[in-house]
Amino acid sequence: MEPPREDPLNLAAMRVGYGSPATAGADGVAAHLDPAWLTGDPPWLGLFDRWLAEAVAAQIPEPNAMVVGTVDADGRPATRTVLCKGYSAAGICFFTGYESAKGRALAAHPVASLTFPWIALERQVHFHGPVTTVAPEATAAYWDSRPRGSQISAYASAQSRPIADRAALEAQVAAVADRFGGIDGDEPIPVPPNWGGYLVDVEYAEFWQGRADRLHNRVRAVRTDSGWDVERLQP
Ligand SMILES: Cc1cc2nc3c(=O)[nH]c(=O)nc-3n(C[C@H](O)[C@H](O)[C@H](O)COP(=O)(O)O)c2cc1C
């Protein structure tokens with residue numbers, strides 16, 4: 001067994017208290033997250049609307065960033081951050097390369113977990129459920145809204161594949177730009193083959209709110225054949 005490493009940052013002692021008046025999230029200290037907050041159909045939608053809007057209002061960096069978990073063909077889990085680009089009762093949407101590592105994992109196992117880590121608000125939200133690709137028209141509508149530079153980069157990048165160096169990557173970008181009338185040209189960049197949206201159909205939603213002494217609040221909604229089960233979980 002390895003001897004313990006030194007801990008110059010004193011990680012073992014590092015802890016932030018939750019639920020004090022100074023650090024409490026937008027619910028304050030008194031308002032305890034409760035299963036009664038999960039109402040409507042689906043019951044996660046209204047509270048998610050509110051918490052996401054509060055994350056935006058609080059100006060935390062990348063409030064729509066979410067950690068996506070997938071499982072590859074060999075059963076290996078992996079996570080990475082992507083941006084939520086829309087959601088509704090039908091599910092939660094993000095855009096990426098269909099032949100990226102996550103795309104290949106989703107082809108093998110079309111299920112994903114999502115985590116919104118709003119730590120600055122002492123909140124966290126998890127979702128998981130089956131995944132489908134979004135309709136090409138919906139992908140095209142989002143693609144058209146992206147700045148030209150990021151369209152060119154996405155077109156040029158074989159996402160998750162190795163490349164020799166930065167210069168080779170920039171050469172690929174230059175080649176794509178030349179093909180479509182230049183970096184500042186006005187010839188539209190088409191949606192790349194093998195790029196588009198995924199929709200996570202939420203069958204499990206969990207909301208977490210930090211509280212003092214690690215006595216945090218957790219509530220979840222689980223879809224069943226007859227509706228939704230909503231319950232409190234121990235922290
Ligand atoms: C804040 C943030 C937002 C990101 N948003 C996206 C995104 O919307 N789509 C995407 O494909 N990658 C996004 N990435 C990059 C991914 O985390 C990841 O590196 C990339 O998708 C390749 O992942 P994979 O090799 O596991 O497929 C983002 C990274 C960060 C840090």
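**Questions on a predicted chain**

User: How much of the chain is buried, and what makes a residue count as buried?

Analyst: Buried residues make up 25% of the 235 residues in the chain. A residue is buried if 20 or more other C-beta atoms, placed from the backbone, lie within 10 Å of its own; it is exposed if 12 or fewer do, and partly exposed in between. This is a predicted model, in which local features need pLDDT of at least 70 and side-chain atom pairs count only at pLDDT 80 or more, while totals for chains, interfaces and linings use all residues. Residues are numbered from 1 along each chain as its sequence is written.

User: What is the secondary structure of the chain, and what counts as a helix or a strand?

Analyst: The chain has five helices and 10 strands. These are DSSP runs, numbered from the N terminus: H or I over at least four residues for a helix, E over at least two for a strand. The C-alpha trace spans about 60 × 55 × 40 Å along its principal axes.

User: What share of the contacts joins residues 24 or more positions apart?

Analyst: Take the contacts with a separation of 6 or more: residues 24 or more positions apart account for 60% of them. A contact means C-beta atoms, placed from the backbone, within 7 Å.

User: Why is β7 called largely enclosed?

Analyst: Six of the six residues of β7 are buried, so the rest of the structure largely encloses this strand. Strand β7 covers residues 195-200.

User: How do you know which strands pair with β7?

Analyst: Count the bridges: two strands pair if DSSP finds at least two between them. β4 and β7 have six bridges and pair in the antiparallel sense. Strand β6 (residues 123-133) is joined to β7 by three bridges, also antiparallel. Both counts meet the cut-off, so both are pairs. On the β4 side, I92 stands opposite V200, and F95 stands opposite G197. On the β6 side, V131 stands opposite V200.

User: What makes β4 mostly covered, and what else does β4 pair with?

Analyst: Five of the seven residues of β4 (residues 91-97) are buried. β4 also pairs with strand β3 (residues 86-88), antiparallel, over three bridges. There, G86 stands opposite C93. Two residues lie between β3 and β4, and the two strands form a hairpin.

User: Which residues surround the ligand, and what puts a residue near a molecule?

Analyst: The ligand has 15 residues around it, and T96, S100, A101, K102 and S160 are the closest. Near means that the C-beta atom, placed from the backbone, lies within 6 Å. β2 (77-83), β4 and α2 (101-108) each give two or more residues to this shell. β2 has the largest share, with five residues.

User: How do the residues of the shell divide by type?

Analyst: Seven are nonpolar, five polar and three charged. Here Ala, Val, Leu, Ile, Met, Phe, Trp, Tyr, Cys and Pro count as nonpolar, Asp, Glu, Lys and Arg as charged, and the others, Gly among them, as polar.

User: How do you know where the buried residues of α4 lie around its axis?

Analyst: In α4 (residues 148-156), the buried residues include Q151, I152 and Y155. These cover an arc of only 95° around the axis, which puts them on the same side of α4. The arc is taken from the directions between the helix axis and the C-beta atoms. The buried residues of α4 pack against α3 (136-145) and α5 (166-179).

User: How does the span of α5 compare with what is expected?

Analyst: The expected span is 1.5 Å times one less than the number of residues. For the 14 residues of α5 that should be 20 Å, and the end C-alpha atoms are 20 Å apart, which agrees. Just after α5, G181 takes a positive phi of about 85°.

User: Why is A212 called partly exposed?

Analyst: A212 has 13 C-beta neighbours inside 10 Å, so it falls between the two cut-offs. A212 lies in the loop between β8 (204-209) and β9 (217-224). Beyond its neighbours within four places in sequence, A212 is in contact with G17, Y18, G19 and S20. A212 and S20 are 192 residues apart along the chain, yet their C-alpha atoms are separated by 6.8 Å.

User: What makes N194, R214 and the bond from D41 to P42 worth a look?

Analyst: Most residues other than glycine have a negative phi, and most peptide bonds are trans. N194 has a positive phi of about 65°, and R214 has a phi near 60°. The bond from D41 to P42 is cis, with omega near 0°.

User: Are N194 and R214 buried or exposed?

Analyst: N194 is exposed, with 12 other C-beta atoms within 10 Å. R214 counts as exposed too, with 11 such neighbours.

Note on methods: Two residues are in contact if their C-beta atoms, placed from the backbone, lie within 7 Å.
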